[in-house]
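Subject: Structure handover

Dear colleague,

Please find the structure below, followed by notes on what turned up in it. I begin with the ligand site and then turn to the strands and helices.

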Amino acid sequence: MAADKNVRVLKDAPALAQAAAEMVMQCATAAIAARGRFMIALSGGSTPEAAYEIIMRDFATKGNWAKWFIFMGDERAVPVDDPRSNLGMAKRTLLHGLPIAPEQIFAVHTELPPPAAAADYEKRIKDFFGYAEPRFDLILLGLGDDGHTASLFPGLSARHESSKLVTFSPPGTLPPPVDRITFTFPLINLARKAVFLMAGEKKKKVVRQLLSKDVNPELIPAANVHPIDGELIYMMDQAAHG
Ligand code: 6PG
(Lines give C-alpha, C1' and ligand atoms only; values in the text may rest on other atoms or scores of the structure.)
Protein backbone atom coordinates (compact mmCIF):
# COMPACT_ATOMS: atom_id res chain seq x y z
CA MET A 1 0.00 0.00 0.00
CA ALA A 2 1.23 3.50 -0.73
CA ALA A 3 3.05 4.93 2.25
CA ASP A 4 2.27 8.55 1.42
CA LYS A 5 -1.49 8.24 1.71
CA ASN A 6 -3.18 9.56 4.82
CA VAL A 7 -4.41 6.28 6.31
CA ARG A 8 -5.82 5.81 9.79
CA VAL A 9 -6.42 2.25 10.93
CA LEU A 10 -8.61 1.63 13.98
CA LYS A 11 -8.85 -1.61 15.93
CA ASP A 12 -12.39 -2.57 14.93
CA ALA A 13 -15.65 -1.19 13.56
CA PRO A 14 -16.84 0.38 16.86
CA ALA A 15 -13.44 2.10 17.29
CA LEU A 16 -13.69 3.36 13.69
CA ALA A 17 -17.19 4.73 14.30
CA GLN A 18 -15.98 6.46 17.47
CA ALA A 19 -12.94 7.99 15.73
CA ALA A 20 -15.08 9.08 12.78
CA ALA A 21 -17.62 10.74 15.08
CA GLU A 22 -14.83 12.61 16.90
CA MET A 23 -13.29 13.65 13.58
CA VAL A 24 -16.64 15.07 12.39
CA MET A 25 -17.11 17.06 15.60
CA GLN A 26 -13.55 18.43 15.50
CA CYS A 27 -13.96 19.39 11.86
CA ALA A 28 -17.23 21.21 12.71
CA THR A 29 -15.60 23.11 15.59
CA ALA A 30 -12.68 24.18 13.40
CA ALA A 31 -14.90 25.23 10.46
CA ILE A 32 -17.25 27.24 12.69
CA ALA A 33 -14.28 28.94 14.39
CA ALA A 34 -12.68 29.79 11.05
CA ARG A 35 -15.66 30.62 8.84
CA GLY A 36 -18.74 30.75 11.06
CA ARG A 37 -20.54 27.69 9.69
CA PHE A 38 -20.04 24.02 8.90
CA MET A 39 -21.07 22.45 5.60
CA ILE A 40 -21.06 18.69 5.61
CA ALA A 41 -22.09 16.14 2.98
CA LEU A 42 -23.21 12.86 4.46
CA SER A 43 -22.83 9.43 2.92
CA GLY A 44 -25.05 6.41 3.02
CA GLY A 45 -23.64 3.03 3.92
CA SER A 46 -23.24 1.00 7.07
CA THR A 47 -19.92 2.49 8.24
CA PRO A 48 -21.07 6.13 8.26
CA GLU A 49 -24.33 4.99 9.85
CA ALA A 50 -22.43 3.67 12.88
CA ALA A 51 -20.61 7.02 13.17
CA TYR A 52 -23.91 8.94 13.08
CA GLU A 53 -25.15 6.82 15.98
CA ILE A 54 -22.08 7.73 18.04
CA ILE A 55 -22.47 11.44 17.28
CA MET A 56 -26.05 11.19 18.53
CA ARG A 57 -25.04 9.24 21.62
CA ASP A 58 -21.96 11.24 22.66
CA PHE A 59 -22.24 14.71 21.17
CA ALA A 60 -25.94 15.61 20.90
CA THR A 61 -25.68 18.21 23.67
CA LYS A 62 -22.27 19.49 22.59
CA GLY A 63 -22.57 20.54 18.95
CA ASN A 64 -23.13 24.11 17.75
CA TRP A 65 -26.00 22.78 15.62
CA ALA A 66 -27.34 26.18 14.53
CA LYS A 67 -24.21 26.52 12.41
CA TRP A 68 -24.46 23.17 10.62
CA PHE A 69 -25.66 22.82 7.02
CA ILE A 70 -26.26 19.27 5.91
CA PHE A 71 -26.26 17.91 2.39
CA MET A 72 -26.25 14.41 0.94
CA GLY A 73 -23.22 13.36 -1.11
CA ASP A 74 -25.45 10.84 -2.81
CA GLU A 75 -29.05 9.78 -2.54
CA ARG A 76 -31.19 6.93 -3.76
CA ALA A 77 -34.22 7.91 -5.89
CA VAL A 78 -36.73 6.90 -3.24
CA PRO A 79 -38.89 8.90 -0.80
CA VAL A 80 -37.21 9.89 2.46
CA ASP A 81 -39.42 7.50 4.45
CA ASP A 82 -38.27 4.56 2.31
CA PRO A 83 -35.80 2.40 4.29
CA ARG A 84 -33.32 2.74 1.39
CA SER A 85 -33.14 6.54 1.58
CA ASN A 86 -29.71 7.81 2.69
CA LEU A 87 -31.23 10.95 4.24
CA GLY A 88 -33.86 8.76 5.89
CA MET A 89 -31.06 6.75 7.49
CA ALA A 90 -29.26 9.93 8.61
CA LYS A 91 -32.52 11.25 10.08
CA ARG A 92 -33.27 8.04 11.97
CA THR A 93 -29.77 7.74 13.41
CA LEU A 94 -28.85 11.37 13.98
CA LEU A 95 -30.77 14.31 12.66
CA HIS A 96 -34.13 13.57 14.28
CA GLY A 97 -32.63 14.09 17.72
CA LEU A 98 -30.72 17.30 17.06
CA PRO A 99 -31.90 20.93 17.14
CA ILE A 100 -31.27 21.47 13.44
CA ALA A 101 -33.89 23.51 11.59
CA PRO A 102 -35.40 22.01 8.41
CA GLU A 103 -33.80 24.89 6.41
CA GLN A 104 -30.37 23.58 7.43
CA ILE A 105 -31.00 20.16 5.89
CA PHE A 106 -30.77 19.98 2.10
CA ALA A 107 -32.68 16.92 0.95
CA VAL A 108 -32.48 15.77 -2.64
CA HIS A 109 -35.94 16.24 -4.15
CA THR A 110 -36.37 12.59 -5.04
CA GLU A 111 -39.97 13.12 -6.09
CA LEU A 112 -38.53 14.63 -9.30
CA PRO A 113 -37.19 12.38 -12.09
CA PRO A 114 -33.45 11.78 -11.39
CA PRO A 115 -32.09 14.18 -14.07
CA ALA A 116 -34.32 16.98 -12.77
CA ALA A 117 -33.52 16.11 -9.14
CA ALA A 118 -29.79 16.31 -9.91
CA ALA A 119 -30.14 19.68 -11.69
CA ASP A 120 -32.28 21.00 -8.84
CA TYR A 121 -29.76 19.86 -6.20
CA GLU A 122 -26.90 21.47 -8.12
CA LYS A 123 -28.84 24.74 -8.32
CA ARG A 124 -29.60 24.70 -4.59
CA ILE A 125 -25.93 24.04 -3.80
CA LYS A 126 -24.88 26.94 -6.07
CA ASP A 127 -27.50 29.22 -4.50
CA PHE A 128 -26.34 28.25 -1.03
CA PHE A 129 -22.69 29.05 -1.72
CA GLY A 130 -23.51 32.16 -3.77
CA TYR A 131 -20.38 33.68 -5.28
CA ALA A 132 -18.09 31.42 -3.27
CA GLU A 133 -16.76 28.15 -4.62
CA PRO A 134 -18.91 25.23 -3.43
CA ARG A 135 -16.32 23.93 -0.99
CA PHE A 136 -17.71 21.59 1.62
CA ASP A 137 -15.86 21.56 4.91
CA LEU A 138 -16.27 17.82 5.06
CA ILE A 139 -17.49 15.18 2.62
CA LEU A 140 -17.96 11.74 4.12
CA LEU A 141 -17.54 8.88 1.68
CA GLY A 142 -18.10 5.15 1.72
CA LEU A 143 -16.36 2.62 -0.47
CA GLY A 144 -18.38 -0.05 -2.22
CA ASP A 145 -16.96 -3.54 -2.66
CA ASP A 146 -16.87 -2.74 -6.40
CA GLY A 147 -14.77 0.40 -5.91
CA HIS A 148 -17.59 2.94 -6.16
CA THR A 149 -17.91 5.94 -3.93
CA ALA A 150 -20.90 8.23 -3.55
CA SER A 151 -22.96 6.88 -6.51
CA LEU A 152 -20.07 6.94 -8.98
CA PHE A 153 -19.96 3.34 -10.15
CA PRO A 154 -17.42 1.46 -12.27
CA GLY A 155 -18.55 1.24 -15.90
CA LEU A 156 -21.19 3.98 -15.57
CA SER A 157 -20.86 7.42 -17.10
CA ALA A 158 -21.54 9.53 -13.99
CA ARG A 159 -17.95 8.88 -12.91
CA HIS A 160 -16.72 10.81 -15.96
CA GLU A 161 -18.87 13.90 -15.43
CA SER A 162 -16.46 16.80 -15.65
CA SER A 163 -18.53 19.97 -15.51
CA LYS A 164 -21.65 19.38 -13.42
CA LEU A 165 -21.56 19.44 -9.62
CA VAL A 166 -24.37 16.90 -9.27
CA THR A 167 -25.52 14.22 -11.65
CA PHE A 168 -27.66 11.08 -11.73
CA SER A 169 -26.89 7.45 -12.35
CA PRO A 170 -28.68 4.21 -12.91
CA PRO A 171 -27.96 1.66 -10.19
CA GLY A 172 -24.63 -0.14 -10.09
CA THR A 173 -24.35 -3.86 -9.62
CA LEU A 174 -24.60 -3.64 -5.82
CA PRO A 175 -27.97 -3.26 -4.13
CA PRO A 176 -30.26 -1.47 -3.84
CA PRO A 177 -31.24 -1.43 -7.53
CA VAL A 178 -32.53 2.13 -7.59
CA ASP A 179 -31.46 5.23 -9.53
CA ARG A 180 -29.15 7.65 -7.76
CA ILE A 181 -28.43 11.35 -7.53
CA THR A 182 -24.80 12.01 -6.69
CA PHE A 183 -22.09 14.60 -6.18
CA THR A 184 -19.59 14.40 -9.04
CA PHE A 185 -15.83 14.12 -8.69
CA PRO A 186 -15.36 17.83 -9.57
CA LEU A 187 -17.55 18.78 -6.59
CA ILE A 188 -16.04 16.20 -4.25
CA ASN A 189 -12.56 17.40 -5.16
CA LEU A 190 -13.35 20.96 -4.10
CA ALA A 191 -13.79 19.77 -0.51
CA ARG A 192 -11.64 21.09 2.28
CA LYS A 193 -11.64 17.57 3.66
CA ALA A 194 -12.83 14.25 2.19
CA VAL A 195 -12.88 11.24 4.45
CA PHE A 196 -13.48 7.62 3.48
CA LEU A 197 -14.99 5.37 6.16
CA MET A 198 -14.43 1.69 5.45
CA ALA A 199 -15.01 -1.32 7.65
CA GLY A 200 -15.05 -5.08 7.48
CA GLU A 201 -13.15 -7.99 6.02
CA LYS A 202 -15.11 -7.90 2.75
CA LYS A 203 -13.62 -4.47 1.95
CA LYS A 204 -10.03 -5.72 2.27
CA LYS A 205 -9.44 -6.44 -1.40
CA VAL A 206 -10.88 -3.18 -2.70
CA VAL A 207 -9.16 -1.14 0.03
CA ARG A 208 -5.86 -2.68 -1.02
CA GLN A 209 -6.57 -1.71 -4.64
CA LEU A 210 -7.65 1.82 -3.69
CA LEU A 211 -4.53 2.44 -1.62
CA SER A 212 -2.14 0.96 -4.16
CA LYS A 213 -0.01 3.52 -5.99
CA ASP A 214 -0.89 1.72 -9.23
CA VAL A 215 -4.66 1.94 -8.72
CA ASN A 216 -6.62 2.29 -11.95
CA PRO A 217 -9.36 4.91 -11.40
CA GLU A 218 -11.29 3.52 -14.33
CA LEU A 219 -11.79 0.30 -12.40
CA ILE A 220 -11.88 1.79 -8.90
CA PRO A 221 -13.77 5.07 -9.25
CA ALA A 222 -13.07 6.00 -5.61
CA ALA A 223 -9.46 6.59 -6.70
CA ASN A 224 -10.66 9.76 -8.47
CA VAL A 225 -11.04 11.47 -5.10
CA HIS A 226 -8.14 13.91 -4.76
CA PRO A 227 -9.18 17.23 -3.23
CA ILE A 228 -7.46 20.01 -5.18
CA ASP A 229 -6.75 22.11 -2.12
CA GLY A 230 -7.95 19.92 0.70
CA GLU A 231 -7.18 16.91 2.79
CA LEU A 232 -7.96 13.29 1.95
CA ILE A 233 -8.14 10.77 4.77
CA TYR A 234 -8.81 7.05 4.59
CA MET A 235 -10.20 5.77 7.90
CA MET A 236 -10.73 2.03 8.27
CA ASP A 237 -10.80 -0.79 10.73
CA GLN A 238 -8.13 -3.44 10.95
CA ALA A 239 -10.31 -5.96 9.11
CA ALA A 240 -10.62 -3.70 6.06
CA HIS A 241 -6.94 -2.83 6.13
CA GLY A 242 -5.80 -6.43 6.35
C1 6PG B 1 -24.99 4.42 -1.15
C2 6PG B 1 -23.75 4.91 -0.49
C3 6PG B 1 -22.53 4.18 -0.99
C4 6PG B 1 -21.90 3.51 0.22
C5 6PG B 1 -20.95 2.41 -0.17
C6 6PG B 1 -20.38 1.69 1.04
O7 6PG B 1 -25.90 5.19 -1.35
O8 6PG B 1 -25.06 3.22 -1.41
O9 6PG B 1 -23.60 6.26 -0.33
O10 6PG B 1 -21.60 4.94 -1.68
O11 6PG B 1 -21.23 4.47 1.00
O12 6PG B 1 -21.65 1.46 -0.95
O13 6PG B 1 -21.41 1.19 1.82
P14 6PG B 1 -21.13 0.22 3.06
O15 6PG B 1 -20.33 1.03 4.05
O16 6PG B 1 -22.49 -0.13 3.56
O17 6PG B 1 -20.40 -0.95 2.50
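An oxygen atom of the ligand is found 2.8 Å from an N or O atom in the side chain of Arg76, which falls under the definition of a polar contact as a pair of N or O atoms within 3.5 Å (within protein, one must be able to donate a hydrogen and the other to accept it, and residues adjacent in sequence count only if both atoms are side-chain atoms). Please bear in mind that this is a predicted model, in which local features need pLDDT of at least 70 and side-chain atom pairs count only at pLDDT 80 or more, while totals for chains, interfaces and linings use all residues. Residues are numbered from 1 along each chain as its sequence is written, and side-chain values use heavy atoms, with hydrogens and water left out.

Lys203 also takes part at the ligand, with a polar side-chain atom 2.5 Å from an oxygen atom of the ligand, and a backbone N or O atom of Ala150 lies 2.8 Å from a ligand oxygen. Of the 15 residues around the ligand (a residue counts as near if one of its heavy atoms lies within 4 Å), those that come nearest are Ser46, Asp74, Arg76, Ala150 and Lys203.

Ala150 deserves a second look, since this residue has a positive phi of about 45° although it is not a glycine. Ala150 is located in the loop between β6 (138-141) and β7, where helices (H or I, at least four residues) and strands (E, at least two) are DSSP runs numbered from the N terminus. Ala150 is buried, at a relative accessible area of 11%; buried means under 20%, exposed over 50% and partly exposed in between, with a 1.4 Å probe and protein chains only.

As for the sheets, one open sheet has three strands in the order β4-β8-β7 with antiparallel pairing, two strands being paired if DSSP finds at least two bridges between them. Its edge strands, β4 (74-76) and β7 (166-169), each pair on one side only. Between β7 and β8 (residues 180-183) there are four bridges, and Thr167 has Thr182 in β8 as its bridge partner. Helix α4 (residues 114-129) packs on this sheet, touching β7 and β8, and its direction makes about 160° with that of β7; contact means heavy atoms within 4.5 Å, and such angles run from 0 to 180 degrees between N-to-C directions, with axes fitted to C-alpha atoms, for helices over the stretch in contact. The loop between β7 and β8 holds Pro176, and the peptide bond from Pro175 to Pro176 is cis, with omega near -5°.

Elsewhere, strand β2 (residues 38-42) runs parallel to β3 and is joined to it by five bridges, with Leu42 opposite Met72. Five of the five residues of β3 (residues 68-72) are buried, so this strand is largely enclosed by the rest of the structure. Trp68, Ile70 and Met72 are buried on one side of β3, and Phe69 and Phe71 on the other.

Finally, helix α6 (residues 204-211) has Val206, Val207, Leu210 and Leu211 as its buried residues. They cover an arc of only 130° around the axis, which puts them on the same side of α6, the arc being that of the directions from the helix axis to the C-beta atoms. These buried residues pack against β1 (7-10), β9 (193-198), β10 (231-237) and α7 (238-241).

With kind regards
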